[in-house]
Structures are given as C-alpha cells and as structure tokens.
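Biologist: Please take a close look at a single part of this chain for a first-year student, and then follow it outward, step by step, into its surroundings.

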Amino acid sequence: MSTVHQPDPKDRPARLTVGVVGAGRVGPALAASLQLAGHRPVAVSGVSDASRRRAAQMLPDVPIVPPAEVLERADLVLLTVPDDALPGLVEGLAETGAVRPGQLLVHTSGRYGSKVLDPALRAGALPLALHPAMTFTGTPVDVQRLAGCSFGVTAPDQLRLAAEALVIEMGGEPEWIAEENRPLYHAALALGANHLVTLVAQSMELLRTAGVEAPDRMLGPLLGAALDNALRSGDAALTGPVARGDAGTVAAHVAELRKHAPQAVAGYLAMARATADRALAHGLLKPELAEDLLGVLANGTDGTTGTEGDAR
C-alpha cells in the first residue's frame, strides 16, 4: 500500500484544459493520462513528422498548433522539450506575452526544478516541475506504465499539494526533490537507467558474437534476478568474478574484449573498478585477493597486453 500523502479533495485541481508544447515521447503520454483523470487536452505543438504522428495517435482530434496558441487555449501547459531547450523556450514564451496569469506551467525535465520557470512566474504563471522517473516509448503503453511511477516533484511551497495531486491523478507517486538537489537526482536516474540500456545492448552484442542465438532470452531471467536482488539487498547482491577476487578470470575477460569488442574495454574496466571498490568496502572482496585484481584492472587501462598472461 502506498504511504504517499493523499491530498485532500479540496486540494485537487479542478478539471483543466491541457496543452502540450513539444510532442516528444513524454508530453502526449502525460496529457493522455490527465485526460483519463477528467482533464481535457485542447492543443499540442509538434514540429517533426514523428511528433505529429505521435500526437495524432496519443491525442486524437486534438489540434496541432504553434506553441503560443497552445498557451492561449490551455489552463495547464506541459512543456515537454529537451532539457537544453527548456530555458530558452520559457524565456521566449514569457517575453512574447504568451504566458497568462494563473496558468499552470509544468515542465518534465529531470535536471531542472521550478526556478527555470521564473520568467513565467514573473508573468503570473504557476510553476511546477514534475519529472516522471520512467523511460518512454512514444506509444499508448506509456500511459499504463505511469501507474505507480515515481515523479520527482519541485514547486513553490504553496503549490506543493496541487503538484502532488496532479501526479496522483496520473497514477504516479510524488517524491519531493529540493531545488538544489535536482541535478544530483537526475544524474542518479541516468546512471541507473540510461547506462543500463548501454550495458545490456553491449552484453547482447557480445553474446551474439559468442554464438548465442537468443541473447535476450538468456539475459532476461538473469538481469531480472540481478535487478530484483540489487533493489532488495544493495551491495550485498554483488556477485561475479570481481566481487570474488578472481583476477585471472577478469584478465581473460579483458583479453577477449580487446580482441572482439575493443570499444567495450574502457566501460568494462570502469565498472569493474567501481564494483571492486564497493565489494571491498562492504567486506565481500577479501583484501588479499584485491591486490592482484586491482593490478589487472590498472594494467588494462595503459594499453598493455600483458594481462593475457595472467589468465590462469
């Protein structure tokens, strides 16, 4: 059962007209979720053909109009553009008078809190930062995945309950993030999710090279168990040759990667060193085994090939 504070009904937003500026993968899904909660999408902006197709699929019959017109039509505006584009967009909308007093302006950037919306705040808007901690596909399945999804919420204190209520209406779980902690919060998510995709993709490529016909089927149960164990037990879930201190096995890995996937060597060594440090700190890696292991990892970074001889 969720322990998140459920806002009093009087704190819940009234039924709102909703607009989306930036029909990437996130905006249409959030607008569709708000529609299920009783709000009414009325306008969306999108430039590319892909964004227009996505808007038509996720928000059928909602007109595609320029950003300024989205703000003109909507009580609640979702600014779902790339992080680097957000400050300029906000400044431009405020300078051109597109922002209306009392309008809820919501961005979904993980990097920024609500202060990036200060130009709109000075124009009378109500600024909210609602970042869904979820990866999006740009398809209707995203709406279903919002159920139970955590959102990083940052807003002025007087808008905190309204922000949390919107998240709950989308089926999410609000998690309050202080303004100054937003970059660290976002870095943590990127480290866990974005880099995971890279690691899994590399692993699948190597398995194919090794002759495995269905690497996804092989990795699915293994990675599922590893993720579940890590979430439950943290560093106590560490397994494998690095945590055991098997220096010869790690040296053999490095040698094989140099031959078959040299682009993966740096990543392997970096993750192995980080794993060794954590295993040592938590008493999983015996100090007497760590010296040889760390020597293999150090030699692997200087371009030498002598580590192959250590694969005993």
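Modeller: Let us begin with Asp-61, which counts as exposed at 82% relative accessibility, where buried means under 20% relative accessible area, exposed means over 50%, and partly exposed lies in between (1.4 Å probe, protein chains only). Asp-61 has its place in the loop between helix H2 (49–58) and helix H3 (67–73); helices here are DSSP runs of H or I with at least four residues, strands are runs of E with at least two, and both are numbered from the N terminus. The phi angle of Asp-61 is near 75°, a positive value in a residue other than glycine.

Before going further, please note that this is a predicted model, in which local features need pLDDT of at least 70 and side-chain atom pairs count only at pLDDT 80 or more, while totals for chains, interfaces and linings use all residues. Residues are numbered from 1 along each chain as its sequence is written, and side-chain values use heavy atoms, with hydrogens and water left out.

For the wider setting, the protein chain has 13 helices and 7 strands, and buried residues make up 41% of its 312 residues. Its C-alpha trace spans about 70 × 40 × 35 Å along the principal axes.

From the loop we can turn to the sheet, which is open, has 7 strands in the order E2-E1-E3-E4-E5-E6-E7, and shows mixed pairing; two strands are said to pair if DSSP finds at least two bridges between them. Strand E2 (40–45) and strand E7 (173–176) stand at the edges with a single partner strand each, so one side of each is left without a neighbour in the sheet. From one strand to the next, the twist averages 25°, with axes taken as lines fitted to C-alpha atoms (for helices, over the stretch in contact) and angles running from 0 to 180 degrees between N-to-C directions.

Walking through the sheet from the E2 edge, we find that strand E1 (residues 17–21) runs parallel to E2 and is joined to it by 5 bridges, with Val-20 standing opposite Val-44 in E2. Further along, E3 and E4 also run parallel, joined by 4 bridges, and here Val-77 stands opposite Leu-105 in E4. In E4, Leu-104 and Val-106 point one way while Leu-105 and His-107 point the other way, and all are buried. Strand E4 (residues 104–107) then pairs with E5 in the parallel sense over 4 bridges, where Pro-127 is the bridge partner of Leu-105. E5 is mostly covered, since 6 of its 7 residues are buried. Between E5 and E6 the sense is antiparallel, again with 4 bridges, and Leu-130 stands opposite Val-153 in E6.

E6 also holds Ser-150, which is partly exposed, with a relative accessible area of 37%. Leaving aside residues up to four places away in sequence, Ser-150 touches His-131, Pro-132, Ala-133 and Glu-173, a contact being heavy atoms within 4.5 Å. A second serine, Ser-114, lies in the loop between E4 and helix H5 (118–122) and is buried, with a relative accessible area of 9%. With residues up to four places away again left out, the partners that Ser-114 touches include Pro-127, Ala-129 and Thr-154.

Across the sheet, helix H7 (residues 160–169) lies over strand E3 (76–79), strand E5 (126–132), strand E6 (150–154) and E7, and runs at about 145° to E7. The charged end of Arg-160 sits over the ring of Trp-176, 4.1 Å from its centre; such a placement requires NZ of Lys or CZ of Arg to be within 6 Å of the ring centre and within 35 degrees of the ring normal.

Helix H1 (residues 27–36) completes the picture: 8 of its 10 residues are buried, so H1 is largely enclosed by the rest of the structure. Its buried residues include Gly-27, Pro-28, Ala-29 and Leu-34, and just after H1, Gly-38 takes a positive phi of about 110°.
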